[in-house]
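Please open the model in your viewer and keep the selection panel at hand. The tour below goes from one selection to the next and says what is there.

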Amino acid sequence: MTDTVLLIGRAAVSFFASFLAIWVWSRTREESWLFIITGILVSFCTLLIEILSKVGILSLNSGSMDIPLWFGLLQLLPYVLYAIGFGFYIYRNRQY
């Protein structure tokens, strides 16, 4: 499978997940779900930036580094949001 086909597949699945995430966002007010949904949306935005970079519209090269620090942190942010969401879920549903 080529890199382009994989990127198009990731974009399609990520778009569908983001669409469903926005739909769930309008129906819930629990902190855990809001953090998970935000993580999905940030992941989709990161993928869009990656696509724009591959097409040549946006340049991510910043001198000596291959990937800029802000883009690296943006790629890690969804996992931090997922962890916070799962932490809120565990906190809210704890059993004594």
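A residue counts as buried when its relative accessible area is under 20%, as exposed when it is over 50%, and as partly exposed in between. By that scale glutamate 31, with a relative accessible area of 31%, is partly exposed. Please keep in mind throughout that this is a predicted model.

Stay with glutamate 31 and add arginine 92 to the selection: the two form a salt bridge, with their closest N and O atoms 3.5 Å apart. Because arginine 92 belongs to helix α3 and glutamate 31 to helix α2, the pair ties together parts that are 61 residues apart in sequence. Arginine 92, at 52% relative accessibility, counts as exposed.

Next, select the two helices themselves, α2 (residues 31–55) and α3 (residues 69–92), whose axes come within 7 Å and cross at roughly 165°. An angle over 145 degrees counts as roughly antiparallel, and α2 is therefore roughly antiparallel to α3. Their crossing is left-handed, and the residues of the contact divide into 16 nonpolar, 7 polar and 3 charged.

The structure holds 3 salt bridges, so turn now to another of them by selecting glutamate 50 and arginine 10, whose side chains meet at 3.3 Å, N to O. Glutamate 50 lies in helix α2 and arginine 10 in helix α1, so this pair ties together parts 40 residues apart in sequence. Here glutamate 50 is buried, with a relative accessible area of 17%, whereas arginine 10 is partly exposed at 39%.

Finally, select lysine 54 and aspartate 3, which form a salt bridge with the closest N and O atoms 3.4 Å apart. Lysine 54 lies in helix α2 and aspartate 3 in helix α1 (residues 3–25), so parts 51 residues apart in sequence are tied together.

Methods
Residues numbered from 1 in each chain as written. Predicted model: local features only at pLDDT ≥ 70, side-chain atom pairs only at ≥ 80, totals over all residues. Heavy atoms only, no water. Axes fitted to C-alpha atoms, helices over the stretch in contact; angles between N-to-C directions. Helix = DSSP H or I, 4+ residues; strand = E, 2+ residues; numbered from the N terminus. Parallel < 35°, antiparallel > 145°, perpendicular 65-115°, else oblique. Left-handed = near helix turned anticlockwise from the far one by under 90°. Nonpolar A, V, L, I, M, F, W, Y, C, P; charged D, E, K, R; others polar. Salt bridge = Lys/Arg side-chain N within 4 Å of Asp/Glu carboxyl O. Buried < 20%, exposed > 50% of the residue type's maximum accessible area, 1.4 Å probe, protein only.
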